[in-house]
Amino acid sequence: MRRQSVLVLYLSNSALDSAVVGWSRYDGTGRERHMAGDSEEPPYRTGLDALKDGWRLFQASQLNPHIPGAEFDVSYLKYEFWFEQLEEIVP
Amino acid sequence: MTGLPLLSAHQMASFAARGFLRLDAVVPDDVNRQFLDEVGQVAAPEPGRKLRAAYGRMLAEADIPETPAGVPLARAYAQGSALARMLELPVVAGAIRSLVGDNPLFDHHFLHVTFPPAYHEASGGENVSQHTHQDSTIDPRRAFDVQIMYYPHAVTLEMGGTRFIPGTHLRKVSEAALARYQNIRGQQHMVCEAGTLLFLHSGVWHGGGVNRSDRTRTMFKIRMNPREPQVRKFDVATLEPQDRQRPIFYLKGPQPPSVEQILMTPEPWFEDDTGRLEMVNRVKLWRYLTGDDSYDADYWLTRLENLAAA
């Protein structure tokens with residue numbers, strides 16, 4: 001039986017080999033419970049390092065034009081990359 | 001002159017840039033003890049009893065008033081109560097005056113208690129940290145509210161003190177929409193002595209930590225609103241005149257300490273491009289706080305405002 005583990009990396013620009021500034025983990029195998037504030041150092045230096053370690057990229061945030069009049073507004077982290085690993089578990 | 005110890009220009013610039021001011025162990029022990037007495041004790045964990053029930057009873061029985069939103073902060077707490085005594089401390093009153101001006105309004109308050117594992121085991125719930133969020137709702141104002149987090153007892157790392165991410169206060173987001181961000185470079189966790197206060201700009205992203213110790217952790221939050229523009233409320237006598245712009249990019253050595261140096265210091269989580277927008281927005285906030293519409297740091301707004309009109 002397979003379960004999905006998810007890694008979300010927030011990078012410093014749209015390049016996958018740019019530096020990680022934020023990270024989240026969700027472990028569908030139930031072996032680990034990750035939560036807000038649970039680590040101080042990112043699991044990888046860059047998104048590319050996650051690929052090299054076997055994570056499979058399945059979504060990247062889009063680059064959108066800036067809304068006229070709101071060009072200097074800042075809101076959510078901009079460069080979000082979703083990775084997965086499928087792991088076998090014993091039912 | 002107010003006679004209060006107001007924040008210096010450098011302290012104010014740091015708040016403008018990072019969105020927080022930390023005052024360690026400024027509340028005397030007798031006030032801390034009085035506050036904890038007024039809060040009272042939470043019932044011991046009991047198998048099958050929901051944690052919410054024990055917490056609800058604690059909130060109901062605490063000697064802390066239900067106070068309507070919008071009343072003057074100065075009238076929110078009874079004379080002689082621990083919270084009135086805390087707010088009257090000159091260092092606290094001076095910081096409040098510097099950040100939100102005179103006679104701010106009381107918005108709301110809350111007694112935040114995080115419970116040790118025994119309570120969660122007894123009630124069948126999971127012991128997890130609070131999702132990171134920005135309080136209230138989307139807030140597009142330049143003006144801002146201030147939240148005081150009061151830690152009446154010492155907080156260890158194991159107790160899961162408030163987590164916050166410096167420099168996030170200028171981001172326009174919608175409450176827990178950002179909850180998927182578990183960890184952000186530069187995040188801080190409150191570990192402090194009893195009587196510590198954390199003043200937060202109302203926009204700072206934060207959340208409660210997970211308590212893995214053997215005792216409850218108590219924090220009391222008070223939110224307040226300014227009633228007048230937050231302009232030149234800090235100790236403006238410490239504001240040095242800016243006679244020219246600093247050199248930028250091509251620098252032959254470290255720059256001397258200054259308001260500009262503080263405002264232009266990035267956070268570890270800044271993205272390459274939006275990190276520059278953060279600088280633009282910090283300059284705009286400093287213009288508001290100083291009442292100087294021509295202020296700039298490192299040429300960010302001067303460049304954008306040069307329309308090169310004939």
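Strand S3 (residues 146-151) of chain B lines up with S7(B) in the antiparallel sense, and six bridges hold the pairing together. In that pair, Met149(B) sits opposite Leu198(B) in S7(B). S7(B) has a partner in S1 (residues 20-23) of chain B too: four bridges join them, and the two run antiparallel. Here Arg22(B) stands opposite Leu198(B). Keep in mind that this is a predicted model. It scores ipTM 0.98 and pTM 0.97, and for chain B the mean pLDDT is 96, with 99% of residues at 70 or more.

So what about the surroundings of S7(B), residues 196-201: six of the six residues are buried, so the strand is largely enclosed by the rest of the structure. In a regular strand, side chains alternate between the two faces of the sheet. For S7(B), Thr196(B), Leu198(B) and Leu200(B) are buried on one side, while Leu197(B), Phe199(B) and His201(B) are buried on the other, leaving both faces covered.

Now for the helices. The axes of H1 (residues 9-18) and H8 (residues 274-290) of chain B come within 9 Å and cross at roughly 135°. An angle from 115 to 145 degrees counts as oblique, and H1(B) and H8(B) are therefore oblique to each other. Their crossing is right-handed. On the H1(B) side the contact is made by Met12(B), Ala13(B), Ala16(B) and Ala17(B), and on the H8(B) side by Arg282(B), Leu285(B), Trp286(B) and Leu289(B).

H8(B) turns up again where the chains meet. There, 31 residues of chain B are in contact with 23 residues of chain A. On the chain B side, the elements giving two or more residues are strand S5 (183-184) and H8. H8(B) provides the largest share, five residues.

Finally, a look at two backbone oddities. Most residues other than glycine have a negative phi. Arg232(B), not a glycine, has a positive one, and Tyr299(B) also has a positive value without being glycine.

| Residue | Phi | Loop in chain B | C-beta neighbours within 10 Å |
|---|---|---|---|
| Arg232(B) | about 55° | between S9 (217-225) and H7 (259-263) | 15 |
| Tyr299(B) | near 70° | between H8 and H9 (300-305) | 15 |

Buried or exposed, where does Arg232(B) fall? With 15 C-beta neighbours inside 10 Å, Arg232(B) counts as partly exposed. Tyr299(B) is partly exposed as well, with 15 other C-beta atoms within 10 Å.

Technical notes:
Residues numbered from 1 in each chain as written. Chains lettered and ligands numbered in written order. Predicted model: local features only at pLDDT ≥ 70, side-chain atom pairs only at ≥ 80, totals over all residues. pLDDT = per-residue confidence, 0-100. Buried ≥ 20, exposed ≤ 12 C-beta atoms within 10 Å, placed from the backbone. Pairing = 2+ DSSP bridges. Axes fitted to C-alpha atoms, helices over the stretch in contact; angles between N-to-C directions. Parallel < 35°, antiparallel > 145°, perpendicular 65-115°, else oblique. Left-handed = near helix turned anticlockwise from the far one by under 90°. Contact = placed C-beta atoms within 7 Å.
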